[in-house]
Amino acid sequence: MLDKNGIAKRIAKEVQDGYYVNLGIGIPTLVANYVRDDIEVEFQSENGVLGMGPFPFEGEEDADIINAGKQTITTLPGASFFDSAMSFSMIRGQHVHLTILGAMEVSEKGDIANWKIPGKMVKGMGGAMDLVASAENIIVAMMHTNKAGESKLLKKCSLPLTGVKCVKKIVTNLAVLEVTGKGFKLLERAPGISVEEIQKATEGKLIVEGTIPEMDI
Amino acid sequence: MINKKVGSVDDALQGVKSGMTFMFGGFGLSGIAENSIAKLVELGINNLTCISNNAGVDDFGLGLLLHQKQIKKMISSYVGENDEFERQMLSGELDVELIPQGTLAERCRAAQAGFPAIYTPAGFGTEVAEGKETREFNGKMYVLEHAFKADFAFVKAWKGDAAGNLIFKGTARNFNPNMCGAATITVAEVEELVPVGTLDPNHIHIPGIFVQRIYQGAKYEKRIEQRTVRQKN
């Protein structure tokens with residue numbers, strides 16, 4: 001089974017040379033730590049920066065340079081700042097190649113829910129609805145089950161949706177899956193995890209074809 | 001040069017009244033109009049509708065207006081990190097409309113640019129699109145979203161001049177440029193008000209035509225919400 005860093009490490013393998021990538025809050029943020037250093041990738045943050053770098057050294061934090069999680073960051077050579085409308089022009093206009101975000105639920109049709117638990121948690125969708133409505137390539141990073149042990153890969157989402165038919169790939173602590181529209185197609189198993197264990201943790205239809213390889217991370 | 005400079009925050013906020021709709025620039029606590037907000041807290045006007053990406057934290061930013069129950073309605077995209085906000089929302093004291101962040105930006109920009117409405121794919125098929133007109137373009141579904149109407153926009157820039165020209169710094173830019181000229185009156189506060197002619201016209205982010213009043217803020221706290229650092233090794 002993978003931990004959060006393991007999930008991030010596996011997703012980092014999906015990032016290709018020349019990609020502009022938007023990373024969501026949580027596990028997705030960790031992906032930046034594992035991207036190969038022999039390829040050129042720029043990270044976009046929807047609050048208005050392209051070419052995000054690592055956290056600043058202590059004493060060099062700048063209140064005017066933050067990411068969408070409101071964390072202090074730095075910029076890399078070639079970086080740029082811009083306003084919110086232009087930031088979402090990059091996203092809505094499909095100039096950003098890859099979006100990696102977290103989710104509370106994903107359906108076998110590719111619907112995603114990650115912004116609201118009625119009566120419990122209402123923080124808002126932030127940029128998530130714009131991202132999922134527009135990105136051509138969306139990877140969800142999440143645990144396979146919630147804290148109560150219930151599957152997060154469902155036939156149909158029970159929570160208010162963030163977007164419909166948009167998720168293409170899911171990387172969890174147990175597996176890598178492709179959303180086909182007909183079900184979750186199992187692509188890879190996490191180290192030490194069996195197909196049966198993945199089946200048990202997946203409420204939606206799981207498509208298993210042939211031998212499923214173990215992840216190489 | 002058409003002079004937009006006002007002598008003080010008091011002059012800058014002339015005409016604000018209870019029941020009005022205000023826009024506030026900023027993302028989290030970055031790039032917020034600290035001095036205009038402080039003055040609004042002091043004036044104590046209430047029943048306000050506020051358009052802002054976030055709602056501040058408990059003791060800073062728009063959280064200060066919330067604390068005094070000056071806000072009737074918030075239109076935002078993300079409102080975590082604020083306990084008083086959550087309490088007022090769950091108790092029904094505060095009306096909250098949550099909208100996608102890109103939609104928020106574009107509804108400001110539409111108001112600035114003279115578009116009555118825009119079509120966006122964001123929120124289609126979700127509760128955000130309920131009751132709204134939808135339309136198909138090239139096989140994809142879009143939601144009609146209207147331009148905002150606001151009485152005042154309170155923005156913050158890094159540098160400005162008496163002509164109202166503005167330059168922003170880093171990610172403190174965010175919604176500020178999109179709100180300039182999107183309300184009846186745009187009030188810009190700047191960290192540094194420089195003599196006219198010293199800003200290079202090539203470097204202006206927002207031309208003064210979009211700004212009605214400009215002043216230099218008395219002080220800036222520029223609070224950091226999430227201080228994240230790495231160690232030198």
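# Reading a predicted two-chain model

Modeller: Let's start inside helix 1 of chain A, residues 4–12, where A:Gly6, A:Ile7, A:Ala8, A:Arg10, A:Ile11 and A:Ala12 are buried. Keep in mind that this is a predicted model.

Biologist: How should I read a list of buried positions in a helix?

Modeller: Here's the general idea: an α-helix has 3.6 residues a turn, so residues three or four places apart point the same way. Now look at this case. A:Ile7 and A:Ile11 are both on the buried list of helix 1, and so are A:Ala8 and A:Ala12.

Biologist: What covers the buried residues of helix 1 of chain A?

Modeller: Quite a list. The cover includes helix 2 (27–31) and strand 5 (98–101) of chain A. It also includes strand 10 (138–141), strand 12 (169–171), strand 13 (175–179) and strand 14 (184–189) of that chain.

Biologist: Let's zoom out, then. How many helices and strands does chain A have?

Modeller: Five helices and 15 strands. Its radius of gyration is 17 Å, close to the 17 Å that the globule rule gives for 217 residues, so chain A is as compact as a globular protein of that length. If you'd rather picture a box, the C-alpha atoms of chain A fill one of roughly 50 × 40 × 30 Å along the principal axes.

Biologist: And what share of chain A is buried?

Modeller: Of its 217 residues, 58% count as buried. As for what is left on the outside, chain A exposes about 9,300 Å², with carbon and sulfur atoms supplying 50% of that.

Biologist: How do I read contacts along the sequence?

Modeller: Ask how far apart the partners sit in the chain. In chain A, take the contacts with a separation of 6 or more: residues 24 or more positions apart account for 61% of them. For a single pair, try A:Gln199 and A:Leu186, which are 13 residues apart in sequence and 9.5 Å apart in space, C-alpha to C-alpha. A:Gln199 is found in helix 5 (residues 195–200) of chain A, and with a relative accessible area of 36% it is partly exposed.

Biologist: Now chain B. How many helices and strands are there in it?

Modeller: Six helices and eleven strands. The radius of gyration of chain B is 18 Å, close to the 17 Å from the globule rule for 233 residues, so this chain too is as compact as a globular protein of its length. Its C-alpha atoms fill a box of roughly 55 × 50 × 40 Å along the principal axes. Buried residues make up 56% of the 233, and the accessible surface comes to about 9,900 Å², of which 48% belongs to carbon and sulfur atoms. Among contacts in chain B between residues at least 6 apart in sequence, 72% join residues at least 24 apart.

Biologist: What about charge? How far apart are the centres of the positive and negative sets?

Modeller: In chain A, the mean positions of the 23 positive and 28 negative charges are 11 Å apart. Chain B has 25 positive and 27 negative side chains, and there the two centres lie 5 Å apart.

Biologist: Which residue shows me a link between the chains?

Modeller: Try A:Glu61, whose side chain makes a polar contact with the side chain of B:Arg227 at 2.5 Å. A:Glu61 sits in the loop between strand 3 (49–52) and strand 4 (75–81) of chain A.

Biologist: Is A:Glu61 buried or exposed?

Modeller: Buried: the cut-off is under 20% relative accessible area, and A:Glu61 has 18%. Leaving out residues up to four places away in sequence, A:Glu61 touches A:Pro56, A:Thr72, B:Ile224, B:Arg227 and B:Val229. Within chain A, a polar atom of its side chain lies 2.4 Å from the backbone nitrogen of A:Gly59.

Biologist: Can you show me a buried residue in a strand?

Modeller: B:Thr49, in strand 2 (residues 48–51) of chain B, counts as buried at 10% relative accessibility. Beyond its neighbours within four places in sequence, B:Thr49 is in contact with residues including B:Phe22, B:Lys72 and B:Ile75.

Biologist: Last one: which backbone angles should I look at?

Modeller: Look for positive phi in residues other than glycine. B:Lys69 has phi near 55 degrees; B:Lys69 lies in the loop between helix 3 (63–67) and strand 3 (71–76) of chain B and is partly exposed at 48%. B:Asn138 has phi near 50 degrees. The place of B:Asn138 is the loop between strand 6 (134–137) and strand 7 (140–146) of chain B, where it is exposed, with a relative accessible area of 84%.

Terms used:
Residues are numbered from 1 along each chain as its sequence is written. Chains are lettered from A and ligands numbered from 1 in the order in which they are written. This is a predicted model: local features need pLDDT of at least 70, side-chain atom pairs count only at pLDDT 80 or more; totals for chains, interfaces and linings use all residues. Side-chain values use heavy atoms; hydrogens and water are left out. Helices (H or I, at least four residues) and strands (E, at least two) are DSSP runs, numbered from the N terminus. The radius of gyration is taken over C-alpha atoms; the globule rule is 2.2 Å times the number of residues to the power 0.38. Buried means under 20% relative accessible area, exposed over 50%, partly exposed in between (1.4 Å probe, protein chains only). Contact means heavy atoms within 4.5 Å. Accessible areas come from the Shrake-Rupley method with a 1.4 Å probe; for residues, only the protein chains shown count as cover. Lys and Arg count as positive and Asp and Glu as negative; His and the chain ends are not counted. The place of a charge is taken as NZ of Lys, CZ of Arg, CG of Asp or CD of Glu. A polar contact is a pair of N or O atoms within 3.5 Å; within protein, one must be able to donate a hydrogen and the other to accept it, and residues adjacent in sequence count only if both atoms are side-chain atoms.
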